[in-house]
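Thanks for coming. Please have the structure open while I talk.

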Amino acid sequence: MCRLFALTSKDPVSPMLAIKALDVMKEGHDGSGMGLLLQDLGGPFEEMKEAPILSGIFSEEGIRRLDLFMMDKGFLTKYKITLKVPKKSVPGIPKRDLYLIRAYELPEDWDTLEPDEISQRLMMILLKIREMGEEKKDMMVFSFWPDTIMIKEIGDPMQLADYLGLDRKELNARIIMAQGRQNTNYAINLYACHPFFINGYCTMTNGENTAFIPIKDFLSSRDFPGYMGYQSDSEVFAHILHYAMVGLDMGIDAYKHVITPLQEKDLQQHPDAPFLAHLKRTCRPLIIDGPNCVIGTLPDHSLFMVQDRKKLRPGVVGGKAGLFGFSSEICGLDAVIPDRDTTKDIQPMHIDTAIVSPDRQEVKICRQTEALNLPL
Amino acid sequence: MSSNRSLEPSSLSLNDLPWQIRYSNDRCTLCGQCTAVCPVQAIELKVFQKRMVKISIQQDTPHSNQYDTFYGIRQKTRVENACIGCAMCTMVCPNDAIAPVKNPGLDRLKFHINQKGIPRRRGGRRNSSQSILDRIKFTRISMLTDPALDAGRHEFEMRTLLGRVLSPRENMKRLKEKGWIPPVREIYPLIIGGMSFGALSPSMWEGLQMGVAYLNEEMGMPVRICTGEGGCPPRLLRSRFLKYVILQIASGYFGWDEIIHAIPHMKEDPCAIEIKYGQGAKPGDGGLLMWHKVNKLIAAIRGVPPGISLPSPPTHQTQYSIEESVAKMLQSMSMAWGFRVPVYPKISASSTSLAVLNNLTRNDFASGLAIDGEDGGTGAAYTVSMDHMGHPIASCIRDNYLNLIKIGKQNEIPIFAGGGIGKNGNLAANAAALIMMGASGVQIGKYVMQAAAGCVGTEEDRCNVCNVGICPKGITSQDPRLYRRLDPEDVAQRIVDLFISFDTELKKIVAPLGRSTSLPIGMSDALGIDDHAAAQRLSIKYVV
């Protein structure tokens, strides 16, 4: 079972905080990979919130091809961070040419576009680069989105952090999601490494997804090009989130009703029973069976945690005003926020969605049996 | 027959018959029960003479004969009296003196069951015990990476949807705009398929209905039963139990005068309307209720004169095209109940099924598609149709489901599979395999007769006389002397046993796969088969 840690902080903090938490939960990951999402960035990116940032790994040839491609599309580099790696290789970490974090200026002719259209175009560009990279094995891209950095690599999280020099101010962020990977049934493939990002929505999960195939089939047939990949059975959690919130225009309180709907008896007693019955029917192929703990972030920088219907995975949320952590284990939380009031730690149960909104003042528990904020 | 007599072409010996009576004169009490119970008068009481030659050892005493006479059972060899292997004789024999045995060689009866130019007709099945479904294994067992669930303790929701489910977006839009949203029923995924009042005896029908009502009202299982094409007793039409019933309309429209007239008096809507266009056992052929079974009661319910054969045409005569069949008929039937009742077609599995499905996807009134495979049963059909016509269910369901995925409508039109599910007794495993290949649920018929009423039919051409109303168990007979053998209360009890045990077995299959909160429709990664070609054809794993 992979270990997850996410934090949301009023002030930008170093990604090392989250990696420290992964390190204390070390028995739960095996060095087969780490994934890191940084959002609501501090440092130089603070000044360029609109500029999409491309994150990925490139070979020398790949970067040349990327530059040509991006220039052709009208993108100009606005800012970049170069992660310099030591010359001496570290066992367990593959040798790469370049870890790219590069913010671009949007093409001029995009100025008049609606935000939805911009999202769509950014996604299509990311998919195209991914396709080009897969063809020649010279590029791997994880996100292309404003105010968002993703780093993924094979290796032990703490070693990787040292190797990549992640403890630097430019990478400080207010939202950090980190996953230490326990490789199971898929070959080590960075596209299978959490967190998964799609157009501002991001999730990471532990546990297997036993309902993967029907969910994948459903998403793949939505005629939305971003619903692809699926090297990991957990990628669907991010896409379901995106589908529920963008495709169906619902709030985060409805996400759990999509993946783990109430059973008939509870559903009938719900204040929004008729709506939920329709949602359950129409989104039936998106029902998960677990065991999964899902931690995710939304475009407004809310952070949330949900569990499967039987609550078969651990997960705890705790912190203090201004800083909250979401962790697979309490020891991870202790390592990062030792001075919190532990009596207020919350372990979300089978009908809970734990949410920390962008004001970072409290953990709100949204129970599935409560009324929904409906789009109707 | 004497050895110097001429032979008729259809003169058969015991060795030519598919079933041979083994009889022990030593144990027989000559009670006569076997001859009385035999549905085809295959056996008769006979007087046998035995000659004993007495050789004298005295020169002056001549050799002599002693004639001994005794009574016993003799099997007839005439075509019309050929033993059907039902073994009712064995059942009634107090001394276990008699039993039919399958001819281990090749019988020659099949060359002669066309006397007077009428090819063999029978009830039953295809008579092939081969089953691809039995060979499918569930191989994705949760081990360590995710815990297997507990079939006995975890909560399960093994339900399916019957009805047109709109895409989430379209459904949301219509909710907002208060538009028409097609009716959807949440039902148990094991459905009792269409067996008509007429094909089945009154006792059997009553038992089925009672069992279904009990399952719904006492056990909380939303089990549904289809009427088949034969109408529905007026009292049931006007009762609250109608909501558990799927009314079937087929090309003969039998009983629909009564149904239409009952609509204003209905307390509840029926669960759904099934329009039968085809049946897996006899694809391209219509329904058939032979005159033997059309008594006064059946005639009244169906709205026909008694004592005549009732062959339904192979197609709905008023319709000449798929637009007629699908668009107009679905819409008309929907309209009859104010668009509150799901209406769906049932077709024979065929290489043309995909075309039907594609057409249905563009019609909001199509609430699903039931596909009946070649191993489906029937009350009466020509043997040639049963044995040689049709399409296996597994690949047909798979093709249709994969096609729905391609167009993104896999949750929108439920596909129900029928035909040979559980034919070798592995009901839950067969049903689960079909569900994981994409079926939303399964329909069963023969299994119900076997499990709930003791039908003696097997895949070895045993009995199969449903068509002529002489069912020795009283399941498919309209003769009171026969159907009184069956107590409806007992049938109801067995229906409940069947569904409860099926439910446990289904949970025992899905729990180790880590599934419980929803029926694992299309979870094909769980399946494997030890045949490479079949694995490729069904897009599942090849395992050896």
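I will go through the two chains, then one helix, and then a handful of single residues.

A word of caution before the numbers: this is a predicted model.

Let me start with chain A. Its secondary structure consists of 10 helices and 16 strands. The radius of gyration is 20 Å, close to the 21 Å that the globule rule gives for 376 residues, so chain A is as compact as a globular protein of that length. If you lay the C-alpha trace of chain A along its principal axes, the spans are about 60 × 45 × 40 Å.

How many of the 376 residues of chain A count as buried, as a percentage? The figure is 64%. Next, take contacts in chain A between residues at least 6 apart in sequence: 75% of them join residues at least 24 apart. On the outside, chain A exposes about 13,800 Å², and carbon and sulfur atoms supply 50% of that. As for charge, chain A carries 43 positive and 52 negative side chains, with the centres of the two sets 4 Å apart.

Now chain B. Here we have 17 helices and 21 strands. A compact globule with 544 residues would have a radius of gyration near 24 Å; chain B has 27 Å, which agrees. The box that holds the C-alpha atoms of chain B, taken along the principal axes, is roughly 115 × 60 × 45 Å.

In chain B, 57% of the 544 residues count as buried. Of the contacts in chain B with a separation of 6 or more, 76% are between residues 24 or more positions apart. The accessible surface of chain B is about 23,600 Å², and 52% of it belongs to carbon and sulfur atoms. Chain B has 62 positive and 49 negative side chains, and the centres of these two sets lie 2 Å apart.

That is the overview. Next, one helix in chain B.

Helix α5 of chain B covers residues 202-217, which is 16 residues. From its first C-alpha to its last, α5(B) reaches 22 Å, close to the 22 Å expected at 1.5 Å a residue. Is this helix mostly covered or mostly open? Mostly covered: 12 of the 16 residues of α5(B) are buried. Among them are W205(B), L208(B), V212(B) and L215(B). As background, an α-helix has 3.6 residues a turn, so residues three or four places apart point the same way.

Now some backbone details in chain A, which you can find by residue number.

Go to the loop between β8 (173-180) and β9 (196-198) of chain A, where P195(A) lies. The peptide bond that joins H194(A) and P195(A) is cis, with omega at about -5 degrees.

Two other residues have a positive phi without being glycine. One is D249(A), with a phi of about 60 degrees. D249(A) sits in the loop between α6 (235-247) and α7 (255-259) of chain A. Its relative accessibility is 47%, so D249(A) counts as partly exposed. The other is H301(A), with a phi of about 70 degrees. H301(A) belongs to the loop between β11 (293-297) and β12 (303-307) of chain A. Is H301(A) buried or exposed? The relative accessibility of H301(A) is 15%, and the cut-off for buried is under 20%, so H301(A) counts as buried.

Last, three residues and what they touch. In each list, neighbours up to four places away in sequence are left out.

T353(A) is part of strand β15, residues 352-356 of chain A. T353(A) counts as buried, at 2% relative accessibility. Its contacts include I252(A), F304(A), V306(A) and I365(A).

K473(B) is in the loop between α14 (446-453) and α15 (480-483) of chain B. At 16% relative accessibility, K473(B) counts as buried. The C-alpha atoms of K473(B) and V456(B) are 7.9 Å from each other, while the two residues are 17 apart along the chain. V456(B) is also one of the residues that K473(B) touches, and others include M88(B), M91(B) and L486(B).

Finally, S440(B), in the loop between α13 (427-437) and β19 (441-444) of chain B. S440(B) counts as buried, at 2% relative accessibility. Which residue of chain A does S440(B) contact? It is R284(A). From chain B, the contacts of S440(B) include T160(B), P189(B), F416(B) and I521(B).

That is the end of my list.

Conventions. Residues are numbered from 1 along each chain as its sequence is written. Chains are lettered from A and ligands numbered from 1 in the order in which they are written. This is a predicted model: local features need pLDDT of at least 70, side-chain atom pairs count only at pLDDT 80 or more; totals for chains, interfaces and linings use all residues. Side-chain values use heavy atoms; hydrogens and water are left out. Helices (H or I, at least four residues) and strands (E, at least two) are DSSP runs, numbered from the N terminus. The radius of gyration is taken over C-alpha atoms; the globule rule is 2.2 Å times the number of residues to the power 0.38. Buried means under 20% relative accessible area, exposed over 50%, partly exposed in between (1.4 Å probe, protein chains only). Contact means heavy atoms within 4.5 Å. Accessible areas come from the Shrake-Rupley method with a 1.4 Å probe; for residues, only the protein chains shown count as cover. Lys and Arg count as positive and Asp and Glu as negative; His and the chain ends are not counted. The place of a charge is taken as NZ of Lys, CZ of Arg, CG of Asp or CD of Glu. The expected span of a helix is 1.5 Å times one less than its number of residues.
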